[in-house]
Amino acid sequence: MSGRELFESMSYVDERFVAEAESASLPGKTGLSWRKWVPAACVGILLFGAAAYQGMNTGSGESLRSEDQVYSTEEVETQTEPGPQEEIQMESFQKAASVILRVDTPTEEGFVGTVWELVDTEIFHVGMEVNVVLAEDCLAVSRENASIMTDQAEQKDCETAQSVLVLVRFSSFDPESNTLYVMFISEVEE
Amino acid sequence: MEDSELIALYWARDERAISETDAAYGRRLLALADRILQSREDAEESVSDTYMKTWNTIPPQRPNHFFAFLAKICRNTALGCLDWKNAAKRSAEVVSLTGELELCVPDRSQERKLESRELGRVLNAFLESLPRESRLIFMRRYWYADSIAEISARYGISESKVKTRLHRTRRKLRGFLEGEGICV
């Protein structure tokens, strides 16, 4: 038998399999279409948050404060400083975005991992594969830890490597390439 | 137009059947033929032949899955037109696909030799035994000749996952064919 004969014989498989492969989607997967909306949704949420934050500082958001809240002059001055919107977005994003990953395969820039547990972000789903890139300014101790972890994953067999779990905090996520840009990483117990 | 209406046009020998089929499925059939032949002109010819063969086949046939029925004819027609030597020179995708399937071929010392049609029946049993996700990915790759990137985009999974799943399925197929004692 040759690969060509096998390929040609595929023409004789049942039509229901052909139809299924044309029309069906994978369970729990919605194709890439949803991914197009993730960045837009994130930007929308961040802009809304930033607008609400600015509104509170300019007085239009007074009603959002409880009556017994008192701001010091210094605090008000700090809050009313027109800081770059990107900084506000990044700060709030960094605070929110942590996830526990299983280290699967080491790469030059970090490793390929699988989402193990969601911590405080809903943009992933458990079992999703992600490429992790350790940022240049990632904490030195964390980079070292990560290196040890990925080495362990490489040396151990597949079953053992699955037990290497890490908590990562990331600065950004590119849904097109499933890439996480990680600022902080630490090993966690399974 | 619904598939049942299209089939009714063929049964009524109404020539609109072909133009309506082209409107409904022409683009997808052309993409399929083009992936195999990598020539727009040859692909268009294959799709035209597909319509003629469909016209000559319905009636008496009344397919349950009309697109699959068309695609099957289109795939066979395109493979019939394919110049394998020329495709090998061009390093066409279809050649790399057959190369991947070569890895599923059991030891040649085994005795049982099958015709393509009978091998198709064995493949049916194999596909039936697969988990749905593996089956879909395998079919997209080796039936529709989709690239890894296209499968990844279609199902919203990473390319590495597609490759891993295909690798495992090929290994299973090899074991399955060995189990059947097959050599073509």
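The exercises below, each with a worked solution, deal with a predicted model of chain A and chain B.

**Exercise 1. Describe the secondary structure of chain B and how far apart in sequence its contacts reach.**

Solution.
- Step 1: Count the elements. Chain B has ten helices and zero strands.
- Step 2: Read their order. From the N terminus on, the run is α-α-α-α-α-α-α-α-α-α.
- Step 3: Look at burial. Of the 184 residues in chain B, 50% are buried.
- Step 4: Look at sequence separation. Taking contacts in chain B between residues at least 6 apart in sequence, 67% join residues at least 24 apart.

**Exercise 2. Find the largest nonpolar core and the helix that gives the most to it.**

Solution.
- Step 1: Recall the general tendency. In soluble globular proteins, nonpolar side chains tend to be buried together.
- Step 2: Take the largest nonpolar core. This core has 65 residues, and those with the most contacts inside it are B:Leu29, B:Phe66, B:Met139 and B:Trp143.
- Step 3: Find the main contributor. Helix α4 of chain B, residues 66-81, gives the most to this core, with ten residues.
- Step 4: Follow one residue. Leaving out residues up to four places away in sequence, B:Phe66 touches B:Asp3, B:Leu6, B:Ile7, B:Tyr10, B:Thr21, B:Tyr25, B:Thr54 and B:Ile58.
- Step 5: Check for another core. A core of 19 residues lies apart from the largest one, and its members include A:Val99, A:Phe111, A:Val132 and A:Phe173.

**Exercise 3. Work out how many residues each chain gives to the contact, and what area is buried between chain A and chain B.**

Solution.
- Step 1: Count residues. Chain A gives 31 residues to the contact and chain B gives 51 residues.
- Step 2: State the area. About 4,200 Å² is buried between chain A and chain B, with 61% of it on carbon and sulfur atoms.

**Exercise 4. List the polar links between the chains, then describe the side of chain A that touches chain B.**

Solution.
- Step 1: Count salt bridges. There are five salt bridges between chain A and chain B.
- Step 2: Take an example. A:Arg16 and B:Glu128 form a salt bridge in which the closest N and O atoms are 2.6 Å apart.
- Step 3: Count polar contacts. With both residues at pLDDT 80 or more, 16 residue pairs are in polar contact across the interface.
- Step 4: Name the elements. On the side of chain A that touches chain B, α1 (3-9) and α2 (15-23) of chain A are the elements that give two or more residues.
- Step 5: Pick the main one. The most comes from α2(A), with eight residues.
- Step 6: Sort by class. This side of chain A has 14 nonpolar, six polar and eleven charged residues.

Notes:
Residues are numbered from 1 along each chain as its sequence is written. Chains are lettered from A and ligands numbered from 1 in the order in which they are written. This is a predicted model: local features need pLDDT of at least 70, side-chain atom pairs count only at pLDDT 80 or more; totals for chains, interfaces and linings use all residues. Side-chain values use heavy atoms; hydrogens and water are left out. A nonpolar core is a set of buried Ala, Val, Leu, Ile, Met, Phe, Trp, Tyr and Cys residues joined through side-chain atoms within 4.5 Å. Buried means under 20% relative accessible area, exposed over 50%, partly exposed in between (1.4 Å probe, protein chains only). Helices (H or I, at least four residues) and strands (E, at least two) are DSSP runs, numbered from the N terminus. Contact means heavy atoms within 4.5 Å. Buried area is the accessible area (1.4 Å probe) that two parts lose on being put together, summed over both. A salt bridge is a side-chain nitrogen of Lys or Arg within 4 Å of a carboxyl oxygen of Asp or Glu. A polar contact is a pair of N or O atoms within 3.5 Å; within protein, one must be able to donate a hydrogen and the other to accept it, and residues adjacent in sequence count only if both atoms are side-chain atoms. Ala, Val, Leu, Ile, Met, Phe, Trp, Tyr, Cys and Pro count as nonpolar, Asp, Glu, Lys and Arg as charged, and the others, Gly among them, as polar.
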